[in-house]
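Student: I have just opened this one and would like to know how the labels are earned. Can we go through it together?
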Amino acid sequence: MEKVILITGATSGFGLAMARTFAAQGHAIIITGRREDRLHVLQQTLTTTYKAQVLSLPHDIRNENEVKQAVEKALQWKGHIDVLINNAGLAAGRDPIDTASSEDWNQMIDTNVKGLLWMSKYVSAAMKQRGQGHIVNIGSIAGKEAYGGGSVYCASKFAVEAITQSMRVDLLPFAIKVSQVCPGAANTEFSLVRFKGDLAKADAVYQGFIPLDAQDIADAVDFIIHRPAHVSIHDMVIMPAAQASSLIIHKQ
Ligand code: NDP
Ligand code: 8X3
């Protein structure tokens, strides 16, 4: 059955792969992100290729008011949202506690934690009234095991884990499922963003082993949101076969 699926951070990586996957399946897709040009191209491509119904809502997830307005427009479009995928996020820098940039810290907390909270607050209110829905949060292996140089990124993903657990309890009586997906190393624009455009540093992260790709995560979310009504996947950790933990990667 067709679902209305809101995907945050659909301009790149996991979000882009999910948008393609769900549009191809005939779901109605709401795509968000800051880069309006990319959203426009994606909307055109999905509409032409799959005859998909696509609503593009460019905004900065760090701004509560922009999120509120985007959710209002999303709800006006089809009257409801079946699935919210809280995917938008980033790492900024990989520096130790004493030298890391305060600006980077603010950006990660404002995006990965507060952005996810604003979105969940406004979408879950509508889901609660309807008495059904599903929220999928993209956490990380970094939200299970912290590593050096990742204090605030890891903290933001530990926060996603806590928020996921807490909102699952809040929303349980309203038949709203809450799931978390925690990937290990995946080759998207993630490292390019983390290292602020330094391609050599970003590429080095994925050398010597086969990382996950964006489609691996889209496939996992596809599985999670298509379980029968009585089944809820709480937490899924997905790693490259060569990765045993946050820091242990078997490189050739
Ligand atoms: P990408 O950099 O490829 O994609 C990140 C997406 O987040 C983009 O669409 C970007 O859109 C969006 N985004 C970032 N900041 C904002 C903002 N302020 N407002 C709105 N949208 C924003 O990375 P991934 O696809 O890899 O990352 C997706 C999620 O997966 C993140 O939460 C990340 O932490 C998590 N993750 C990634 C892993 C990896 O190894 N790649 C592993 C584990 C988890 P735009 O720039 O247009 O605003
Ligand atoms: C991204 C995975 O290990 O680079 O969340 O932090 S890691």
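Tutor: Sure. Contact means heavy atoms within 4.5 Å. Keep in mind that this is a predicted model.

Student: Okay, so what is Thr32 in contact with, leaving aside its neighbours within four places in sequence?

Tutor: Outside that stretch, Thr32 is in contact with Leu6, Ile7, Thr8, Gly9, Ala10, Thr11, Leu39, Leu57 and His59. Thr32 itself is found in strand β2.

Student: Why is Thr32 called buried?

Tutor: The label buried needs a relative accessible area under 20%. Thr32 has 3%, so Thr32 is buried.

Student: What makes a group of residues a nonpolar core?

Tutor: They must be buried residues from a set list, including Ala, Val, Leu, Ile, Met and Phe, joined through side-chain atoms within 4.5 Å. The largest such core here has 34 residues, and those with the most contacts inside it are Ile7, Met18, Phe22, Ile85 and Val221. The elements that give two or more residues to this core are β1, α1, β2, α2, β4, β5, α8 and β7. Apart from it lies another core, of 27 residues, with Val4, Tyr122, Ile163 and Met167 among them.

Student: Which residues is Ile7 in contact with, again leaving aside the neighbours within four places in sequence?

Tutor: Among them are Met18, Phe22 and Ile85, along with Gly15, Ala19 and Thr32.

Student: On to the ligands. How do you know that Arg34 makes a polar contact with ligand 1?

Tutor: A polar contact is a pair of N or O atoms within 3.5 Å, so we check the distance. A polar side-chain atom of Arg34 lies 2.7 Å from an oxygen atom of ligand 1, and that passes. The backbone joins in too: an N or O atom of Ile61 lies 3.0 Å from a nitrogen atom of ligand 1, and one of Gly89 lies 3.4 Å from an oxygen atom. The protein covers 96% of the 880 Å² of accessible area that ligand 1 has on its own.

Student: What surrounds ligand 2?

Tutor: Ser140, Ala142, Tyr147, Tyr153, Phe190 and Arg194 do.

Student: And what makes the pairing of Ser140 with ligand 2 a polar contact?

Tutor: The cut-off again is 3.5 Å. An N or O atom in the Ser140 side chain is 2.5 Å from an oxygen atom of ligand 2, so the pair qualifies. Polar side-chain atoms of Tyr147, at 2.6 Å, and Tyr153, at 2.5 Å, also reach an oxygen atom of ligand 2. For ligand 2, the protein covers 83% of the 250 Å² of accessible area it has on its own.

How values were computed
Residues numbered from 1 in each chain as written. Chains lettered and ligands numbered in written order. Predicted model: local features only at pLDDT ≥ 70, side-chain atom pairs only at ≥ 80, totals over all residues. Heavy atoms only, no water. Buried < 20%, exposed > 50% of the residue type's maximum accessible area, 1.4 Å probe, protein only. Helix = DSSP H or I, 4+ residues; strand = E, 2+ residues; numbered from the N terminus. Near = heavy atom within 4 Å. Polar contact = N/O pair within 3.5 Å; in protein donor to acceptor, adjacent residues only side chain to side chain. Areas by Shrake-Rupley, 256 points an atom, 1.4 Å probe, with all protein chains shown as cover.
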